[in-house]
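New to this one? Here is a friendly walk through the fold, starting with the whole chain and then moving in on a few spots worth a look.

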Amino acid sequence: MTTPLISARDVNVRFRITRPGDMPWTAPRHLHAVNGVSFDLMPGQTLGIVGESGCGKSTLARALIQMAPAEGQVIWQGSDDLLALSPSRMKRYRSEIQMIFQDPLASLNPRMTLGQIIAEPLRTHRPDLGRDEVKTRVRDMMDRVGLLPQMINRYPHEFSGGQCQRIGIARALIVEPKLLICDEPVSALDVSIQAQVIELLQELQSDLGLAMIFIAHDLSVVKHISDEVMVLYLGRMMEKAPSELLYADPQHPYTQALMSAVPVPDPVIEREKTIIPLHGDLPSPMAPPSGCVFRTRCPRAEAACAEEVPQPGRGRHQCACLFPGRLTAEEVA
Ligand SMILES: Nc1ncnc2c1ncn2[C@@H]1O[C@H](COP(=O)(O)OP(=O)(O)O)[C@@H](O)[C@H]1O
Ligand code: SF4
Ligand SMILES: [Mg+2]
């Protein structure tokens, strides 16, 4: 059996929240941003992570590489637990796990040229490479991500959002990572550019044999790029399944609600489809509901849902709901 590239086990992130006026003896308050999340990601595969803003997607991604205060285990290639590594040992893995972010311009140094920006990680992680080799690799990577050679001396502000994201991708991939974490990489881009960037990522993934974690707040964005999709709500995993299973037969009421909100290209189907409303606001993550955290907005909630925390179970299709299954017409009315 293939060893997973990365195995997250019961990952938890709690932020200590302090408020102005808190005294040393004030009881500490915590925000449980990621609560007991587990997954395996195989080499070369993509895990899509979806959920509303604030549900813990970025925190989970950051936790995997010690950028958030996490508990649990994150096993890399069947051996080291990334959460238990000293900062100096963690540094070794930093080139193997790269991240790209939502706002590409903000993550590029405005005083560096495109060539310098893409070369920088190579200079850090591969000091053994000579100048000419670095230059060759930078030009090759620019070509791969669709940036023209004459752009090499331009500065970030001279590029469009889509081009900046291409620079971010080139910069991440130049050190030949095994895992690329994409944190809402297309959310800030126009729809037409979104498709181009996703296509580019898919192409690069199959050429380079990369694994990806692809985060989005919309199920339609991750549909085609993901082998498996995980749905988060208030820091907890609601449902996780191979992509084709999740889209064909969503079992969790939350997943069904998210899916019903995805626009369908066929105008007739779009007009006739039922959108499952999510009643009320997202509860505060400082005071999540007891039992099932989704119960305050769930059309199927029963008394038992306030008592028991549903567990996702094991297997290919995991669903953290006490009463899983398709919502009926009466429930969504
Ligand atoms: N450094 C931090 N300190 C305190 N709370 C944080 C911090 N980072 C994130 N949070 C909180 O954790 C929750 C999850 O945030 P985040 O992971 O950014 O969500 P998402 O990426 O899904 O929008 C939110 O309630 C957010 O306010
Ligand atoms: S456990 Fe209850 S409240 Fe939670 S999703 Fe299932 S039916 Fe809804
Ligand atoms: Mg985020």
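What follows is a short tour of a predicted model.

**The whole chain**

Let's begin with the overall picture. The protein chain holds twelve helices and eleven strands. Its radius of gyration is 21 Å, and the globule rule gives 20 Å for 333 residues, so the chain is as compact as a globular protein of that length. If you line things up along the principal axes, the C-alpha atoms fill a box of roughly 70 × 60 × 50 Å.

How much of the chain is buried? Of the 333 residues, 47% are buried. On the outside, the chain exposes about 16600 Å², with carbon and sulfur atoms supplying 50% of that area. As for charges, there are 34 positive and 38 negative ones, and their mean positions are 7 Å apart. Contacts reach well along the sequence, too: taking those between residues at least 6 apart, 66% join residues at least 24 apart.

**The seven-stranded sheet**

Now for the strands. Seven of them make an open sheet with mixed pairing, and the order is E6-E7-E8-E3-E9-E10-E11. Strand E6 (97-100) and E11 sit at the edges with a single partner strand each, so one side of each has no neighbour in the sheet.

Move inward and you meet strand E3 (residues 46-50), which pairs with E9 in the parallel sense over four bridges. Within that pairing, Gly-48 has Val-229 in E9 as its bridge partner. On to the next pair: strand E9 (residues 228-233) runs antiparallel to E10, with six bridges between them. Here Met-230 stands opposite Lys-240 in E10. E9 and E10 form a hairpin with two residues between them, and Leu-234 in the turn takes a positive phi of about 45 degrees.

Is strand E10 (residues 236-242) mostly covered or mostly open? Mostly covered: six of its seven residues are buried. E10 also pairs with strand E11 (residues 318-319), in the antiparallel sense over two bridges. Lys-240 turns up again in this pairing, where its bridge partner in E11 is Gln-318.

**The four-stranded sheet**

There is also an open sheet of four strands, in the order E2-E1-E4-E5, and this one is antiparallel. Its edge strands are E2 (29-41) and E5 (80-81), each pairing on one side only. Strand E4 (residues 70-76) and E5 share two bridges in the antiparallel sense. One of the residues to look for is Trp-76, whose bridge partner in E5 is Asp-80.

Here are some of the strand pairings side by side:

| Strands | Sense | Bridges |
|---|---|---|
| E3 and E9 | parallel | four |
| E9 and E10 | antiparallel | six |
| E10 and E11 | antiparallel | two |
| E4 and E5 | antiparallel | two |

**Helix H1 and Ala-61**

Helix H1 (residues 57-64) is mostly covered, with six of its eight residues buried. Those buried residues are Lys-57, Thr-59, Leu-60, Ala-61, Ala-63 and Leu-64. Just after the helix, Gln-66 has a positive phi of about 60 degrees.

Ala-61, in helix H1, deserves a closer look. Why does Ala-61 count as buried? Its relative accessible area is 2%, and buried means under 20%. Which residues does Ala-61 touch, leaving aside its neighbours within four places in sequence? They are Met-99, Ile-181 and Ile-215. Ile-181 is 120 residues away along the chain, yet the C-alpha atoms of the two are separated by 7.2 Å.

**Two loop residues**

Let's finish in the loops. His-252 is found between helix H8 (243-248) and helix H9 (253-260). His-252 is buried, with a relative accessible area of 1%. Apart from neighbours within four places in sequence, His-252 is in contact with Met-238, Glu-239, Phe-294, Cys-319, Ala-320 and Cys-321.

Asn-153 is in the loop between helix H4 (131-144) and helix H5 (161-173). Is Asn-153 buried or exposed? Asn-153 is exposed, with a relative accessible area of 59%. Its C-alpha atom is separated by 8.3 Å from that of Gln-116, a residue 37 places away along the chain.

Definitions and conventions: Residues numbered from 1 in each chain as written. Chains lettered and ligands numbered in written order. Predicted model: local features only at pLDDT ≥ 70, side-chain atom pairs only at ≥ 80, totals over all residues. Heavy atoms only, no water. Pairing = 2+ DSSP bridges. Buried < 20%, exposed > 50% of the residue type's maximum accessible area, 1.4 Å probe, protein only. Rg over C-alpha atoms; globule rule 2.2 N^0.38 Å. Contact = heavy atoms within 4.5 Å. Areas by Shrake-Rupley, 256 points an atom, 1.4 Å probe, with all protein chains shown as cover. Lys, Arg positive; Asp, Glu negative; His and termini not counted. Charge placed at Lys NZ, Arg CZ, Asp CG, Glu CD.
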